[in-house]
Amino acid sequence: MPKLPKKYLESILKEKDKTGLEINKPPEGDEPVSEEGEFSETLYERLNLFVDKGQEPVRLDKFLTARIENISRNKVQQAIEGGRVLVNNRPATANYKIRPEDNIVCFSDRQAMGEEIIPEEMPLNIFYEDEEVLIINKPAGLVVHPASGNYTGTLINGVAYYLQKKNKTVSEQTLPRFGLVHRIDKNTSGLLVLAKTGVAVASLAKQFYDHTVKRQYIALVWGDLQNDKGTIIAHIGRHQRFRKLFEAYPEGDQGKEAITHYEVLERFGYVTLVRCILETGRTHQIRVHMKWLGHPLFNDETYGGDKILKGTIFTKYKQFVENCFSICQRQALHAKTIGFMHPVKKVEMLFESDLPPDMQQVIEKWRNYVNRLKT
């Protein structure tokens, strides 16, 4: 039986801020939770912001609402009223007009992550490792972090065991969340970067927050895209009715801004292979954006891609698609590329992984199917 959740908010709030960031503690309550128990990629329990020199005067509550992911203006105002937002080391009011070079520190009133990370031995596909960072090629079907319904058997349980085996002094206290600074969905495969030191945690987390990390995904989507290249700009927020799902809001009146660039790699008539480049990192961003564009990911049961959306009515075609579904039993999405500035070496690091066998086989089947139709 897994241990009961460990509550340690007080220790987090009392801890001295050495790096400026207390990284990626998934809060409870209003944060978006997917069906896999995942949260959006960049969440902070404590956040230190330095206002740019060219920043125009704007209300503090409006500024923070725009800068912090997945938070409402009302929540920001409550935090300010509760004294959990400091400007230049002093409590401020919601209507305070921020000034260039102001230092803003935010504290969360939410309980820190409720699930204790229990180290577990498991195989890890380590793509790259040095003294500061660890790159793992995650298989589809593996949850990244413990959450409700997935207390053990997650990637981070395995990472905790691996790091502690190499260094017994590593713990959640010395390395919060064992260096996790972003996530990918349970049924998405691909590259994930983790930090091995506090310096690396601060550096990588800021790069994710500033959207400077390079991330490219390969996706197989339904339909034949009209354009070879394009950019999808539509806010992403909770579905108004089904709260575990997310929806695109092109008018920008709900959710948070999300930007996805895409490029067609290969056309198969009924499905298309595309490269997606993330400019932002919202929960289910590619899956929601492609659905909104009218091209759900192939076999994405959450967003309607697990049905035959394009093609013929012939029985052989239906059997062909069902066979593809049985080979790739998840959304056809792979985090192929990740690039960032090394926290210590200060050189750009870029990593690329091959498509997993299930996606490779399905793509090849579609390629052969289309070629047979041409002959």
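Colour the model by pLDDT, the predictor's confidence in each residue, from 0 to 100: among the elements of the protein, helix H1 (residues 9-14) has the lowest mean value, 30, and strand E7 the highest, 98. Helices (H or I, at least four residues) and strands (E, at least two) are DSSP runs, numbered from the N terminus.

Select residues 1-45 next. Here the pLDDT is below 50, and the stretch has 148 contacts (heavy atoms within 4.5 Å) beyond near neighbours in sequence. Then select residues 109-113, where pLDDT also stays under 50 and the model has 23 contacts beyond four places in sequence. For the protein, the mean pLDDT is 83, with 84% of residues at 70 or more.

This is a predicted model: local features need pLDDT of at least 70, side-chain atom pairs count only at pLDDT 80 or more, and totals for chains, interfaces and linings use all residues. Residues are numbered from 1 along each chain as its sequence is written, and side-chain values use heavy atoms, leaving out hydrogens and water.

Move to E6 (residues 126-129) and E7 (residues 133-138), which run antiparallel and are joined by 3 bridges; strands pair if DSSP finds at least two bridges between them. The two form a hairpin with 3 residues between them. Pick Tyr 128 to find its bridge partner in E7, Ile 135.

Finish at E9 (residues 214-222). Of its 9 residues, 7 are buried (under 20% relative accessible area, 1.4 Å probe, protein chains only), so E9 is largely enclosed by the rest of the structure. Show E15 (residues 333-341), antiparallel to E9 and joined to it by 6 bridges; Gln 216 stands opposite Thr 337 there. Add E14 (residues 271-278), which pairs with E9 in the antiparallel sense over 7 bridges. Leu 220 has Leu 273 as its bridge partner in E14.

Conventions
Buried means under 20% relative accessible area, exposed over 50%, partly exposed in between (1.4 Å probe, protein chains only).
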